[in-house]
Amino acid sequence: MFESFPEVCRSYGVKADVRSLLLLQKAIDRNLIHTVGDIYSFFKGSLVKDPTDIGPYTQAFYEYFVGVDVGAGERLNDAIARADTFKDWLEDFVQADDRRRDMELDDLINQFLDEVHTTTYDIKRVLDGEDILKEDDPDMKDDDGGNRADGANAERLLEKAADYRFVDLEELRKRMEKVMEQQTRDHQGGSHWVGTGGVSPYGNGGAAMGGIRVGGTGGGRMAREVMGDPQYYPVDIDAQINDDNIDATLATLKGVIEETNQRYLDIPLTVKEGVAQGGLFLPVELDKTEDKLQVILLIDNGGYSMDYYIRAVQALFKKMKTRYQHDLETYYFHNTIYKYVYEDERRTRKVPIERILSKDPNYRIFVIGDAAMAPYELHEGSIIAWGRISEKFKKSVWLNPVSEKHWHITWTTTMLRKIFKMYTMTPRGIEQAILGMNRKKR
Amino acid sequence: MAETSLWNGSDKYLCDRELAQAFHMARVLGMPLLIEGEPGTGKTELPLQYAKDSDIDLFVYPVGSKSTVDQFVARFDHVKYLRDSQVEVLNAQRDEKGLSTKLSTGGRSTDQLKDYVMQGPAAKAYSTPNSVLLIDEIDKAPREFPNDLLYALSHRKFVMPESGDVIEVSEEDMPAIVITSNREQELPTAFKGRCIYHYISFPPPETMRDIVRKHYPKADDDIVQQAIDVFYQLRQLGLERSPSTRELLNWLKYMQTFSKEETIERIKKLDGLGALIKTQDDVRRVQRNLMDDIKKPGGASRY
């Protein structure tokens with residue numbers, strides 16, 4: 001059942017696979033799923049792994065289950081208003097009572113969503129309470145299950161209910177029917193107790209019997225609020241870093257901090273103390289602390305195109321510095337390096353690259369530049385200088401704000417890529433750069 | 001059978017429907033519930049209040065940058081073990097020399113390996129059927145911790161180091177596991193995949209009023225309204241550190257010491273701002289932007 005739902009989800013960028021369906025099966029067996037709203041909540045809990053997934057997930061759900069296709073940037077309201085399922089429903093809804101013609105569109109949509117989210121495949125719930133009392137055996141015990149809700153009976157109820165209200169939601173009903181077959185076959189107990197959950201003729205709340213009436217009135221409206229709320233739309237991690245995704249980048253940067261959590265046996269101290277105690281060696285254990293992080297930024301601030309990125313990069317590392325204490329040194333260069341880099345942005349204070357090369361090899365080097373220059377600028381001397389840096393500092397990467405597809409055009413970029421691992425200056429690129437760095441042993 | 005009924009919050013804790021559903025789902029399916037959200041949205045409170053309200057044993061593991069799965073499950077204290085065995089040697093030597101004073105091993109015996117197994121909250125929770133296990137602020141953990149944890153949690157069985165004792169729990173008795181995160185670091189996808197996920201968004205003003213009411217049932221409506229207006233206005237400013245629910249509650253606590261008129265006057269003047277705003281830059285920004293606005297009645301708007 002719902003075999004193609006994971007596919008629809010994936011088309012919206014929400015990760016789903018066959019395991020999601022197996023888990024759904026488990027949830028059905030455990031009596032968690034009774035309404036479409038339940039399915040919405042269930043998949044929300046199990047598929048959504050980030051607040052930015054909520055928007056795409058909701059889109060996928062509505063497309064698949066309700067036949068509402070939400071366009072990019074469209075509000076769910078508008079999408080529903082133009083959906084066929086809604087129009088059909090509206091026709092019937094208005095026909096049933098003429099006064100409803102005067103209702104506001106918003107209220108109508110609310111009503112529609114409420115009904116969709118409370119749609120049960122155990123259709124007894126939408127019949128009125130008296131019917132249930134008549135048809136149901138009040139002496140039935142929880143543990144002996146709903147034996148009498150055999151296939152034929154359930155089928156009949158479904159038809160009745162479909163006549164009653166849901167005949168228009170053809171697509172939805174078909175899917176629900178499938179679930180229902182599954183349910184009556186595999187889990188007899190469900191239909192009885194679920195069925196009574198909502199109207200509760202025995203005074204057993206649906207919830208108390210394990211029937212969480214998810215969805216309900218809240219579900220649909222919540223879903224509606226989600227759509228179009230920028231908070232729930234993903235930060236584009238393939239975009240160049242900018243003010244919007246700087247925090248996402250920061251999160252990936254945290255990976256450069258090496259934290260260890262081990263304790264180690266301090267042998268010299270143990271021996272020393274042991275000798276002092278006359279040969280009684282009581283081991284001394286100390287915390288291993290290695291959370292220091294050393295970073296050197298080498299920034300090309302020569303090119304006219306670099307200005308914007310420089311600010312973004314500096315903001316990024318500054319934020320990082322305040323959040324996680326570490327050594328951060330920034331140097332500047334113009335297009336490429338020869339013998340010197342500069343300490344200040346205006347490139348007046350020279351620093352010989354020997355000074356960088358004399359640093360601890362555990363420093364991580366981030367070179368930030370477009371690597372594009374006139375071929376004569378990147379002469380042998382310059383290539384040697386870069387080579388010495390990448391040789392000495394194993395954890396060095398080049399972040400390039402130019403889109404990857406243009407890299408092969410420039411000869412100098414191609415050359416520098418032979419020396420440095422080059423990544424795009426996007427949150428994703430930075431994340432990969434850091435993963436790459438961490439894989440290297442010093 | 002573990003307690004799996006739907007829990008809707010208590011008189012001290014307002015649990016919105018979505019969260020209640022997610023929590024219920026997690027317990028029924030025997031999966032951990034991962035809650036993310038801004039600080040002050042009540043992530044940690046959920047398991048605490050649930051345990052208190054339902055009278056269930058609670059085990060808490062606060063995660064820090066030095067957390068290991070050893071601490072979480074159990075670790076064998078080799079150092080203590082070595083120390084005690086040395087002490088035994090020493091005591092034997094003393095015996096030979098006829099000395100009566102002995103070093104103590106604190107009731108531990110080196111023959112009993114289990115004396116040296118330090119059980120962590122996970123092992124304790126697993127040996128207490130139907131309990132609650134809170135793993136707080138997992139985003140503070142070192143990178144490898146979530147994956148190690150995943151491995152530990154996906155088996156309903158722990159083998160104690162060295163002693164080989166097994167702690168096992170049936171699926172029915174699984175503790176309700178709640179994991180919280182402030183999103184300071186992304187968690188591995190595989191880890192998230194094994195959890196039921198819920199993101200708590202910051203409550204709208206209406207809900208905030210209910211939350212305040214749960215904490216201060218006697219507070220005056222006007223005062224609460226006034227304070228909430230100011231509070232959401234502050235949150236709109238885009239401060240470095242936006243005030244959270246906790247700060248609002250503290251502020252109101254401070255305000256309760258005055259009479260009603262005086263309190264409203266004080267709220268308007270942003271008296272006791274220190275309870276809400278925690279950095280110097282933010283204080284300056286608030287003074288620039290808000291001091292004039294707030295004095296105007298009705299100047300407050302929704303966040």
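**Exercise 1. A covered strand in chain B**

Which residue in S10(B) is the bridge partner of Ile35(B)? Find it in this predicted model, then describe the strand around it.

*Solution.*
Step 1. Locate the two strands: S3 of chain B covers residues 33-37, and it pairs with S10(B) in the parallel sense over four bridges.
Step 2. Look across from Ile35(B): its bridge partner in S10(B) is Thr180(B).
Step 3. Turn to another partner strand. S7 of chain B (residues 132-136) runs parallel to S10(B) and is joined to it by four bridges. Here Ile135(B) has Ile179(B) of S10(B) as its bridge partner.
Step 4. Check how covered the strand is. S10(B) spans residues 176-181, and six of its six residues are buried. Ala176(B), Val178(B) and Thr180(B) lie on one side, with Ile177(B), Ile179(B) and Ser181(B) on the other, so both faces are covered by the count of 20 or more other C-beta atoms within 10 Å that makes a residue buried.

**Exercise 2. Reading a helix**

Compare the end-to-end distance of helix H4 of chain B with the expected span, then sort its residues into buried and exposed.

*Solution.*
Step 1. H4(B) runs over residues 78-96, which is 19 residues. At 1.5 Å a residue the helix should span 27 Å, and because its end C-alpha atoms are 27 Å apart, the two values agree.
Step 2. The buried residues of H4(B) are Arg83(B), Asp84(B) and Gln86(B). Viewed down the axis of H4(B), they fall within an arc of 165°, so they line one face of the helix.
Step 3. Ser85(B), Val89(B), Ala92(B), Asp95(B) and Glu96(B) are exposed on the other side of H4(B).
Step 4. A general rule helps in reading such patterns: an α-helix has 3.6 residues a turn, so residues three or four places apart point the same way.
Step 5. Now look at His78(B), which lies in H4 of chain B. His78(B) has 15 other C-beta atoms within 10 Å and is therefore partly exposed. The C-alpha atoms of His78(B) and Tyr116(B) are separated by 7.5 Å, although these residues are 38 apart along the chain.
Step 6. Finish just after the helix, where Gly98(B) takes a positive phi of about 80°.

**Exercise 3. Two β-α-β units in chain A**

Follow chain A through S8(A): which strands does S8(A) pair with, and what handedness do the β-α-β units have?

*Solution.*
Step 1. S7 of chain A (residues 364-368) pairs with S8(A) in the parallel sense over four bridges. In this pair, Phe366(A) stands opposite Val397(A).
Step 2. S8(A) also pairs with S9 of chain A (residues 421-424), again in the parallel sense over four bridges. The bridge partner of Val397(A) in S9(A) is Lys421(A).
Step 3. Add the helices. S7(A), H17(A) and S8(A) make a right-handed β-α-β unit. S8(A), H18(A) and S9(A) make a right-handed β-α-β unit as well.
Step 4. Check the faces of S8(A). Ser396(A), Trp398(A) and Asn400(A) point one way, Val397(A) and Leu399(A) the other way, and all are buried.
Step 5. Look at H18(A), whose buried residues are Thr412(A), Thr413(A) and Leu416(A). They cover an arc of only 100° around the axis, which means they sit on the same side of H18(A). What covers them includes H17 (380-392) and S8 (396-400) of chain A.

**Exercise 4. Cores and unusual loop residues**

Which three residues touch the most other members of the largest nonpolar core, and where do Asn335(A) and Glu162(B) lie?

*Solution.*
Step 1. The largest nonpolar core has 88 residues, and Leu33(B), Val178(B) and Ile196(B) touch the most other members. Leaving aside its neighbours within four places in sequence, Ile196(B) is in contact with residues of two chains, including Gly45(A), Ser46(A), Met25(B) and Leu33(B).
Step 2. A second, separate core has 36 residues, among them Leu297(A), Leu416(A), Met422(A) and Ile430(A).
Step 3. Asn335(A) lies in the loop between S4 and S5 of chain A. Its phi is positive, about 65°, although Asn335(A) is not a glycine.
Step 4. Glu162(B) is in the loop between S8 and S9 of chain B. Phi of Glu162(B) is also positive, near 65°, and Glu162(B) is not a glycine. With 16 C-beta neighbours inside 10 Å, Glu162(B) counts as partly exposed.

Note on methods. Residues are numbered from 1 along each chain as its sequence is written. Chains are lettered from A and ligands numbered from 1 in the order in which they are written. This is a predicted model: local features need pLDDT of at least 70, side-chain atom pairs count only at pLDDT 80 or more; totals for chains, interfaces and linings use all residues. A residue is buried if 20 or more other C-beta atoms lie within 10 Å of its own, exposed if 12 or fewer, and partly exposed in between; C-beta atoms are placed from the backbone. The arc is that of the directions from the helix axis to the C-beta atoms. Two residues are in contact if their C-beta atoms, placed from the backbone, lie within 7 Å. The expected span of a helix is 1.5 Å times one less than its number of residues. Two strands pair if DSSP finds at least two bridges between them. A crossover is right-handed if, with the strands pointing away from the viewer, the path from the first strand over the helix to the second runs clockwise. A nonpolar core is a set of buried Ala, Val, Leu, Ile, Met, Phe, Trp, Tyr and Cys residues joined through C-beta atoms within 7 Å.
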